[in-house]
Amino acid sequence: MLDKLGLAGIVGVLCCLGGLAVIAYVAPVVAGGLALVLVGLVLVLRGLLSGMLSAFGMDGMI
């Protein structure tokens, strides 16, 4: 999976995790909510990408 992300993707994931760690240190409940929002956003984007790929005839790519 790491080879598919590339360097910018890995840095982005590390920044998100670092930001959540800083927020969790100060306010754990807020960090939990932000984590849920991020996971939900990723799932929505995955669904949109999957639908777009199936419209182009590339089902099963994701």
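These questions and replies cover a helix, a surface patch and two cysteines in a predicted model.

Local features here need pLDDT of at least 70, side-chain atom pairs count only at pLDDT 80 or more, and totals for chains, interfaces and linings use all residues. Residues are numbered from 1 along each chain as its sequence is written, and side-chain values use heavy atoms, with hydrogens and water left out.

Me: Where is Val-37 found?
Reply: Val-37 sits in helix α2, residues 28–55. Helices are DSSP runs of H or I, at least four residues, numbered from the N terminus.

Me: Why is Val-37 called exposed?
Reply: Its relative accessibility is 55%. Exposed means over 50%, buried under 20%, and partly exposed in between (1.4 Å probe, protein chains only). So Val-37 counts as exposed.

Me: What makes Leu-38 partly exposed?
Reply: Leu-38 also lies in helix α2. Its relative accessibility is 33%. That value falls between the two cut-offs, so Leu-38 counts as partly exposed.

Me: How do you know that Cys-15 is in no disulfide?
Reply: A search of the whole structure finds zero disulfides. For Cys-15, the nearest cysteine sulfur is that of Cys-16, 7.1 Å away. A disulfide needs a pair of cysteine sulfur atoms within 2.5 Å, so Cys-15 is in none.

Me: Why is Cys-15 called exposed?
Reply: Cys-15 has a relative accessible area of 54%. The cut-off is passed, so Cys-15 is exposed.

Me: Why does Cys-16 count as partly exposed?
Reply: Cys-16 has 41% relative accessibility. That lies in between the limits, so Cys-16 counts as partly exposed.

Key:
Helices (H or I, at least four residues) and strands (E, at least two) are DSSP runs, numbered from the N terminus.
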